[in-house]
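Subject: Structure for your review

Dear colleague,

Please find below the structure that I am handing over to you. I would be grateful if you could look through it before reading my notes.

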Amino acid sequence: MTETLFAHLATRFGPHPENLATEALGYILRRSLPARDALRDLLREVGVIVPSSLIYRNQVAGGDGAQPDLVGFDDHGNQRLIVEAKFWAGLTSHQPVTYLDRLPRDGGTLVFVVPAARVTLIWGELLRRCTDAEISLQESQTSIPDVRLGTLGDGRRLVLVSWRALLDPIGFRLEAADDRRAREDVVQLRGLCERMDAEAFLPVTSEELTTQVYRRVIEFGRLVDEVSTALARQGVASMKGLRAIAGNGYSGRYLRLRGVGCFLVCDVRKWMKFAPTPLWLSVFGVRWDKSDASAVRRALAPLESANPPRMFMAGDGFPTVALEVRVGAERGAVVKSLLDQVNAVADLLGPLGSVEQPAGGEKDTPPDDAPQEV
């Protein structure tokens, strides 16, 4: 990755690079017809039709208290397309429900643009919030990597797209149109997005250093120990010969759940990538190796097909299950909820543990002390 001047300045002097990226995207769309056509065609490719004559404006405030990053107005002044840009900021209380309410019922579209690494996490959270708001959303498969699509019953659309999936077709269209100035603008914006996508160390703010939220990570680690001990007392899990381990961004312990090797962990990395929870149960199988991965995935299929999904395939090919932490509950209620969730997973895994044990009895340790890649 070659750093662009815009990326350097935005990350050096801009406390909120998302705002600069959104302004840049709005600037490109306002001044370049080929760029607007590329965005229109990208949406059309996934089944979303937007007018070709949209007028784009940034930071459009309204009486609902929301202020979307970028709005496309049709010839009659209707907000046909709302674009919300994210790097590492979370969703606000208005997203997506208030933004969806702004759209006309005969064809409005809400688009979230996020780093590729956050597509799974943000899409799952958007689905959850729609479900909580009793919004019926039908998911559709798309042929474009890093693009997700949902359709409401009245025809409104919710789209999630990565920065790369958005900017690449715009850049190609500008090159074909020989719009060199706008293409250079896209190169600058892409440089910022790549920098934010791969940034190993984000600038620290004083608010981050003084907040108490990080004590939660310690508390979540203690929950892992408490839940593991409770599972052992229930006779659901065994920790004999298995160890607790920790590293950069995670702390947890290995256990056998109904004879199936698992890793109960507080993992900030998965929290950032897959779903909004710090607690996870990764499942390795009876033999602690990939020969069991397919069978484990089949056993956990109900969790993978849930809406939003609760089971994900980690980078090393093993399934990992998101454990929801109850909000606004006392510690005892949180622990009980976690135990119920793990026991539900144990019920799904039970047949695997009873079918075949490894030769020579249970292994004392997994083949690799490091937890799986995220």
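The notes below describe a sheet, a pocket, a helix and a loop residue.

Please bear in mind throughout that this is a predicted model.

The sheet

The model contains an open sheet of 7 strands with mixed pairing, in the order β1-β2-β3-β4-β7-β6-β5. Its edge strands are β1 (residues 55–58) and β5, each of which pairs on one side only. On average, neighbouring strands of this sheet are turned by 20° against each other, with direction ignored. At the β5 edge, β5 and β6 run antiparallel and are joined by 4 bridges. Within this part of the sheet, Gln138 stands opposite Thr151 in β6.

The second largest pocket

The second largest pocket has a volume of about 340 Å³. It is lined by 15 residues, of which Trp123, Glu139, Gln141, Arg148 and Pro309 are the closest to its centre. Four elements give two or more residues to this lining: α5 (119–132), β5 (137–140), β6 (147–152) and β13 (311–313). The antiparallel strands β5 and β6 are thus also among the elements that line this pocket. The largest contribution comes from α5, with 4 residues. Sorted by class, the lining of the second largest pocket comprises 7 nonpolar, 5 polar and 3 charged residues.

Helix α6

Helix α6 has 14 residues, from 163 to 176. The distance from its first C-alpha to its last is 20 Å, close to the 20 Å expected at 1.5 Å a residue. Which residues of α6 are buried? They are Trp163, Ala165, Leu166, Leu167, Ile170, Gly171 and Leu174. In an α-helix there are 3.6 residues a turn, so residues three or four places apart point the same way. This may help in viewing the buried positions, among them Leu167, Ile170, Gly171 and Leu174. After α6 comes Asp178, which has a positive phi, near 55°.

The loop between β1 and β2

Gln67 is found in the loop between β1 and β2 (70–73). Why does Gln67 count as partly exposed? Its relative accessibility is 41%, and the partly exposed class lies between the buried limit of 20% and the exposed limit of 50%. Gln67 and Thr98 are 31 residues apart along the chain, and their C-alpha atoms are separated by 9.9 Å.

With kind regards

Conventions. Residues are numbered from 1 along each chain as its sequence is written. This is a predicted model: local features need pLDDT of at least 70, side-chain atom pairs count only at pLDDT 80 or more; totals for chains, interfaces and linings use all residues. Side-chain values use heavy atoms; hydrogens and water are left out. The expected span of a helix is 1.5 Å times one less than its number of residues. Buried means under 20% relative accessible area, exposed over 50%, partly exposed in between (1.4 Å probe, protein chains only). On a 1 Å grid over the protein atoms alone, a cavity is a set of points where a 1.4 Å probe fits but cannot get out, and a pocket is an open set with protein on both sides within 12 Å along at least five of seven lines; lining residues have an atom within 4 Å of a point. Grid points are joined across faces, edges and corners, and a volume is the space filled by probe spheres set on the points. Ala, Val, Leu, Ile, Met, Phe, Trp, Tyr, Cys and Pro count as nonpolar, Asp, Glu, Lys and Arg as charged, and the others, Gly among them, as polar. Two strands pair if DSSP finds at least two bridges between them. Axes are lines fitted to C-alpha atoms, for helices over the stretch in contact, and angles run from 0 to 180 degrees between N-to-C directions.
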